[in-house]
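Reader: I have a structure in front of me and would like to learn how to read it. Where should I begin?

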Amino acid sequence: MESTEPGSGGLVASLTHHYDDLVGYVGRRFGDADFARDVVHEVCADLLDRPEPAGVREPLAFLRRVLRNRAIDRRRGDAVRARLAETLAGGAIRADQEDAATRLRGMQATEALADVILALPDRARQVFILHRLYDMPQAAIAGELGLSLNAVAKHYAVAVRRIRERWVP
């Protein structure tokens, strides 16, 4: 698939022309106007940084899909961070018998793991989180993300490899 130079195609023009409509679309689906603006700005920045896919026949429909997916990713990431914070808080309560140094090492290791997961490439992070944290089967992930089962397996392998390389518990 061919692509154009970053930020030079019709997607950025469509996004700027339909900015208010797109913010409204995300805001209605996710109930938060500030969150919607953040998502639209994030997608715009990505479009400016990366080559646009060629052959997009319906730019507005394409942008809505990208925005919806990005908003879902952001909400899931927020949920994962909230669960991680909850786990850390629960661990602090159980750690009454442990010494402060052990607690600190555990918290630092958990934070380091969270940083490594959040630094994964977008698709690898999505696949890893859906599979490991949400116990979603790889076939269901493939259907949800519009990927082949082979692509899901490759993204998951990339995630696991990078976590092993960059995180030492």
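Author: Begin with a single residue and its surroundings. This is a predicted model. Arginine 125 is in contact with Ile117, Leu118 and Leu120, leaving out residues up to four places away in sequence.

Reader: Where in the chain is arginine 125 placed?

Author: Arginine 125 sits in helix α6, which covers residues 122-133.

Reader: Is arginine 125 buried or exposed?

Author: The general idea is to compare the relative accessible area with a cut-off: buried means under 20%. Arginine 125 has a relative accessible area of 19%, so it counts as buried.

Reader: What does the side chain of arginine 125 reach?

Author: It reaches the backbone oxygen of leucine 118, at 3.4 Å.

Reader: Then let us look at the partner. Which helix holds leucine 118?

Author: Leucine 118 belongs to helix α5, residues 100-118. Its contacts, apart from neighbours within four places in sequence, are Arg81 and Arg125. Leucine 118 is partly exposed because its relative accessibility is 36%, and partly exposed covers the range between under 20% and over 50%.

Reader: How do I read a distance between two residues?

Author: Set the separation along the chain beside the separation in space. Leucine 118 and isoleucine 129 are 11 residues apart along the chain, and their C-alpha atoms are separated by 9.8 Å. For another pair, isoleucine 72 and phenylalanine 30, the sequence separation is 42 residues and the C-alpha to C-alpha distance is 8.8 Å. Isoleucine 72 lies in helix α4, residues 59-94, and is buried, since its relative accessibility is 18%.

Reader: How many helices and strands does the protein chain have?

Author: There are 8 helices and 0 strands. Read from the N terminus, the order of elements is α-α-α-α-α-α-α-α.

Reader: How do I describe two helices that pack together?

Author: Two packed helices are described by the angle between their axes and by the distance between those axes. Take helix α2, residues 19-30, and helix α3, residues 33-49: their axes come within 8 Å and cross at roughly 125 degrees. That angle makes α2 oblique to α3. The crossing of these two helices is right-handed.

Reader: Which residues of α2 and α3 meet?

Author: From α2 there are Tyr19, Leu22, Val23, Val26, Gly27 and Phe30, and from α3 there are Ala33, Phe35, Ala36, Arg37, Val39, Val40 and His41. By class, the contact of α2 with α3 has 10 nonpolar residues, 2 polar and 1 charged.

Reader: Let us return to the helix of arginine 125. How does α6 pass α7?

Author: The crossing of α6 and α7 is right-handed. Their axes come within 10 Å and cross at roughly 135 degrees, which means that α6 is oblique to α7. On the α6 side the contact involves Arg123, Gln126, Val127, Leu130 and His131, and on the α7 side Gln138, Ile141 and Leu145. These residues divide into 4 nonpolar, 3 polar and 1 charged.

Reader: At what angle do α6 and α8 pack?

Author: They pack at about 90 degrees, and the axes of α6 and helix α8, residues 149-166, are 8 Å apart. The two helices are therefore roughly perpendicular to each other. Among the residues making the contact are Val127 and Phe128 of α6, with Tyr156 and Ile163 of α8. The contact of α6 with α8 has 9 nonpolar, 2 polar and 2 charged residues.

Reader: What lies in the loop between α6 and α7?

Author: One residue to look at there is aspartate 135, in the loop between α6 and α7, with α7 covering 138-145. For the general idea, most residues other than glycine have a negative phi. Aspartate 135 is not a glycine, yet its phi is positive, about 50 degrees. With a relative accessible area of 63%, aspartate 135 is exposed.

Reader: And for the chain as a whole, how many of the residues count as buried?

Author: Of the 169 residues of the protein chain, 28% count as buried. The contacts can be read over the whole chain too. Taking those with a separation of 6 or more, 71% are between residues 24 or more positions apart.

Technical notes
Residues are numbered from 1 along each chain as its sequence is written. This is a predicted model: local features need pLDDT of at least 70, side-chain atom pairs count only at pLDDT 80 or more; totals for chains, interfaces and linings use all residues. Side-chain values use heavy atoms; hydrogens and water are left out. Helices (H or I, at least four residues) and strands (E, at least two) are DSSP runs, numbered from the N terminus. Buried means under 20% relative accessible area, exposed over 50%, partly exposed in between (1.4 Å probe, protein chains only). A polar contact is a pair of N or O atoms within 3.5 Å; within protein, one must be able to donate a hydrogen and the other to accept it, and residues adjacent in sequence count only if both atoms are side-chain atoms. Contact means heavy atoms within 4.5 Å. Axes are lines fitted to C-alpha atoms, for helices over the stretch in contact, and angles run from 0 to 180 degrees between N-to-C directions. Angles under 35 degrees count as roughly parallel, over 145 as roughly antiparallel, 65 to 115 as roughly perpendicular and the rest as oblique. A crossing is left-handed if the near helix is turned anticlockwise from the far one by less than a right angle, and right-handed if clockwise. Ala, Val, Leu, Ile, Met, Phe, Trp, Tyr, Cys and Pro count as nonpolar, Asp, Glu, Lys and Arg as charged, and the others, Gly among them, as polar.
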